[in-house]
Amino acid sequence: MAKYVKNRTMLRDVDEFRIKHLEILTRRNLYRERKHRLNRSIPPYNRDTAIELRADDIHARIAFAEIALRNVVEWVEASDSKAGHKFVTVAIGRHVVDPAHSASFDPRHLQLFIQKALKGFDFVGYVEFSYYPRWPHGVPSVHPHAHLIVRGPSEKKLRASLSVISQRHMSLIPGWDSAFASSLASPNVGSQLLYALKFPLHSYAPYPKKATTWDPETGEELKLPTGKFAQHKNDLRTGELDLMAGILSNQFLDRMMFAGGTGIAVKDAIIGEALRPFRSRRPQA
């Protein structure tokens, strides 16, 4: 089966991550002023006054990424495994949701499934949302999926576990794997983690692949579907960025992160540090 592969937007370091996301914030502010005639911009994230790590808050996402990057890179570098590391994607078709209802999607459905399927592996993962303007039924949809950094796995065992997922659960795109892994060298862990933590940047448009053949009677050149699919990737338009921000407004960065094995302690350290500045100000039950 074909792999569910995107042309990844590589964010090489946290400075590039910050610049890219501040550009998104500027576009959203201009859009709000023009479309909604709002005179106020989206307020910047302030760790001294924030009460939540909302996933639509660009400044919160930058701060969260800085903390996650430091902790995950240290965790990977501390590994003495000679098996190498893997970047895993799990994208199951049945999780596709209508944009009007996607804000209420609970990422735990996908997280618990992956934790069960990959029990025994050491990983840190994050749930991401992709936007499809005209798929799968010619109408807009949002597809929650997950990216994982898996530290030093048995390649044979991991391949077998991912194969089971792909065999039992269809991908959003016909013929594509719903779970797959690519090799990940230690120097690339940071950029791949930032890729997983980014705000949605693109929309996706699947299309059927065609092959050239000839009519045996007329000799006419024909382009016929092969039964396989590929997809175009386009930058989100400003209105689509605002749409995704609305969808993510009910999601929280700390709840979209999950882990397994020794990655659980890393995930807890990241979330603990990210929430520490304002946890003490929350009302006590």
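This passage walks through a predicted model, from the whole chain down to a few of its residues. Because the model is predicted, local features need pLDDT of at least 70 and side-chain atom pairs count only at pLDDT 80 or more, while totals for chains, interfaces and linings use all residues. Residues are numbered from 1 along each chain as its sequence is written, and side-chain values use heavy atoms, with hydrogens and water left out.

To start with the overall picture, the protein chain has eight helices and seven strands. Both are DSSP runs numbered from the N terminus, helices being H or I with at least four residues and strands being E with at least two. Of the 285 residues in the protein chain, 49% are buried; buried means under 20% relative accessible area, exposed means over 50%, and partly exposed lies in between (1.4 Å probe, protein chains only). The accessible surface of the protein chain adds up to about 14600 Å², and carbon and sulfur atoms hold 51% of that. Accessible areas come from the Shrake-Rupley method with a 1.4 Å probe, and for residues only the protein chains shown count as cover. As for contacts (heavy atoms within 4.5 Å), take those in the protein chain between residues at least 6 apart in sequence: 77% of them join residues at least 24 apart.

Next come the rings. A pair of aromatic rings is described by the distance of the centres and the angle of the planes. Rings of Phe, Tyr and Trp (its six-membered ring) pair if their centres lie within 6.5 Å, and planes under 30 degrees apart count as stacked, over 60 as edge-to-face and the rest as tilted. The structure has five aromatic pairs. One of them is Phe87 with Tyr195, an edge-to-face pair at 6.2 Å centre to centre with 65 degrees between the planes. This pair ties together distant parts of the chain, since Phe87 belongs to strand β1 (residues 85–90) and Tyr195 to helix α5 (residues 189–197), 108 residues apart. Phe87 counts as buried because its relative accessible area is 0%, and Tyr195 is buried too, at 2%.

Trp135 and Phe229 make another edge-to-face pair, 5.8 Å centre to centre and again with 65 degrees between the planes. Here the link runs from the loop between β2 (123–132) and β3 (141–150), home of Trp135, to Phe229 in strand β6 (residues 221–235), 94 residues apart. Trp135 and Phe229 are both buried. Trp135 is also joined to Pro136 by a cis peptide bond, with omega at about 10 degrees, and Pro136 is in the loop between β2 and β3.

Charges get in on the act as well: Arg94 lies over the face of Phe113, 5.9 Å from the ring centre, and the charged end of Lys157 sits over the ring of Phe121, 5.3 Å from its centre. For this to count, NZ of Lys or CZ of Arg must be within 6 Å of the ring centre and within 35 degrees of the ring normal.

Helix α2 (residues 58–77) is mostly covered, with 14 of its 20 residues buried. Val76 is part of helix α2 and counts as buried because its relative accessibility is 2%. Setting aside neighbours within four places in sequence, Val76 is in contact with His85, Ile149, Arg151, Ser186 and Val189. The C-alpha atoms of Val76 and Ser186 are 7.0 Å apart, though 110 residues separate the two along the chain.
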